[in-house]
Amino acid sequence: MKLLITAERYFLIGHVGAMAFGLAGLLLVLPNPELILSLSSVGQSIFQWSMAGGGVVYIIFGAAAVAIYAYRQLGLRLWLAFMLPSVFLSLGSELLGTSTGFPFGHYQYLSGLGYKVAGLVPFTIPLSWFYMGLVSYLLARAGLERIGMANWVRHIAAIALGSLLLTAWDFVLDPAMSQTAFPFWEFQEVGAFFGMPYRNLAGWMGTGALFMSVAALLWGNTRISLQRSQLGLPLIVYVVNFAFGAIITLGALDARYLLPTSLSVLLGVVPAVILWWMAAPATQTVEDAPSEADSQIIERAELPAPPVEVAAKSGGR
């Protein structure tokens with residue numbers, strides 16, 4: 001378990017570091033070619049490689065960090081029950097969208113995000129749906145766990161809130177990735193919402209709600225008893241990915257994009273922080289059966305103390 005925690009932290013650090021490096025390249029170096037020319041030939045080759053593959057690296061690191069976290073905190077079954085529907089249903093939605101324009105509008109992916117499945121959708125895109133979808137859903141589920149409501153109401157509310165957090169992220173992601181000088185995808189129609197068609201937002205909401213609903217059905221009535229201290233990684237991943245898109249959007253585009261950025265804060269970042277705060281604090285547990293690890297701790301704690309004379313003999317003092 002210690003090895004998994006270490007790997008999770010390294011992947012998270014790599015995820016954040018890759019995004020920071022990408023921000024520096026997109027906002028500082030690429031707009032100033034003289035900085036690139038001042039590098040040695042080796043430095044230029046490294047920079048070109050990093051710009052070509054940086055998007056792939058940060059997504060893979062983010063997916064790996066969240067996957068390890070989910071395995072540790074939820075177990076193998078719940079992790080796979082979310083990851084598989086999110087990856088395959090989002091890929092199907094993206095393939096449908098790039099082929100027909102439904103449900104996101106007419107768009108196509110450019111280079112920079114890795115090998116394209118069927119020549120249309122980079123393989124990293126379903127991974128980003130997975131890791132951002134899971135952190136959004138976990139924040140919603142854990143935040144609602146302590147509120148007294150019927151299970152079916154809690155499930156519906158968590159799906160709705162999780163989908164909203166995921167869609168709110170797109171308010172800054174799409175402008176950053178499609179309308180700057182170095183885009184990763186482009187819309188083939190002029191959208192009314194800051195260059196994005198409104199159906200793109202509906203497509204995000206619907207795709208997120210679809211795979212979260214499938215995961216909720218597979219999870220059944222399993223309670224997500226994560227405490228606030230255990231939700232650090234989901235909150236960090238959500239906020240850092242928001243910041244990545246927001247910094248590019250505000251740094252590379254004009255002041256009009258303050259509105260979608262503000263909407264992303266209002267509908268995404270603020271609810272995410274509130275849901276994190278609503279989760280059970282470390283000193284308080286939700287009403288649920290203890291986990292396997294907790295049961296082992298309880299069993300050890302409940303073992304009767306050895307007789308005084310036995311303890312004295314074994315202690316040597």
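## A walk through the cavity, the pocket and the rings

There is one cavity of 30 Å³ or more. Keep in mind as you click around that you're looking at a predicted model.

**Stop 1: the cavity.** Select R141, E145, N151, R154, H155, N221, T222 and R223, the residues that line the largest cavity. The space inside comes to about 50 Å³. Colour the lining by class and you'll get four polar residues, four charged ones and no nonpolar ones. Helix α6 supplies the largest share of this lining, with three residues.

**Stop 2: the second largest pocket.** Next, pick Y58, L113, M177, F184 and W185, which lie nearest the centre of the second largest pocket. Its volume is about 510 Å³, and 35 residues line it in total. Which elements should you show as cartoon here, each giving at least two residues to the lining? Turn on α1 (2–29), α3 (41–74), β1 (107–109), α5 (124–144), α6 (151–178), β4 (185–187) and α7. Of the elements around this pocket, α3 gives the most, with seven residues. Colour this lining by class as well: 25 residues are nonpolar, eight are polar and two are charged.

**Stop 3: H15.** Now go to helix α1 and select H15. Is H15 buried or exposed? Its relative accessible area is 1%, so H15 is buried. Show its surroundings as sticks: leaving out residues up to four places away in sequence, H15 touches Y58, F61, G62, Y131 and N241. You've already met one of these, Y58, among the residues nearest the centre of the second largest pocket.

**Stop 4: N200.** Jump to helix α7, residues 198–219, and find N200 there. With a relative accessibility of 3%, N200 counts as buried too. Which side chain does N200 reach through a polar contact? It's D170, and the two side chains are joined at 3.1 Å. Beyond four places in sequence, the residues that N200 touches are P103, F104, D170, D174 and F187. Leave F187 displayed, as the next stop picks it up.

**Stop 5: the aromatic rings.** Show the rings of Phe, Tyr and Trp; the model has 20 aromatic pairs. One of them is Y107 with F187, a tilted pair with 6.2 Å from centre to centre and 50° between the planes. This pair links distant parts of the chain, since Y107 sits in strand β1 and F187 in strand β4, 80 residues apart. Both partners are buried: Y107 has a relative accessible area of 5%, and F187 comes in at 15% relative accessibility.

Then compare F193 and Y198. Their ring centres are 5.8 Å apart and their planes meet at 45°, so this pair is tilted as well. Try a surface view on these two: F193 counts as buried at 10% relative accessibility, whereas Y198 counts as exposed at 54%.

**Last stop: the ring cluster.** Finish by selecting F82, F104, Y107, Y109, W129, Y137, W169, W185, F187, W204, F211 and W219 together, which ring pairs link into a cluster. Several earlier stops meet here. W185, a cluster member, is among the residues nearest the centre of the second largest pocket. F104 and F187, also in the cluster, are among the residues that N200 touches.

How values were computed: Residues numbered from 1 in each chain as written. Predicted model: local features only at pLDDT ≥ 70, side-chain atom pairs only at ≥ 80, totals over all residues. Heavy atoms only, no water. Helix = DSSP H or I, 4+ residues; strand = E, 2+ residues; numbered from the N terminus. Buried < 20%, exposed > 50% of the residue type's maximum accessible area, 1.4 Å probe, protein only. Polar contact = N/O pair within 3.5 Å; in protein donor to acceptor, adjacent residues only side chain to side chain. Contact = heavy atoms within 4.5 Å. 1 Å grid on protein atoms, 1.4 Å probe; cavity = no way out; pocket = protein on both sides within 12 Å on 5 of 7 lines; lining within 4 Å. Points joined across faces, edges and corners; volume = space filled by probe spheres on them. Nonpolar A, V, L, I, M, F, W, Y, C, P; charged D, E, K, R; others polar. Phe/Tyr/Trp six-rings, centres within 6.5 Å; stacked < 30°, edge-to-face > 60°.
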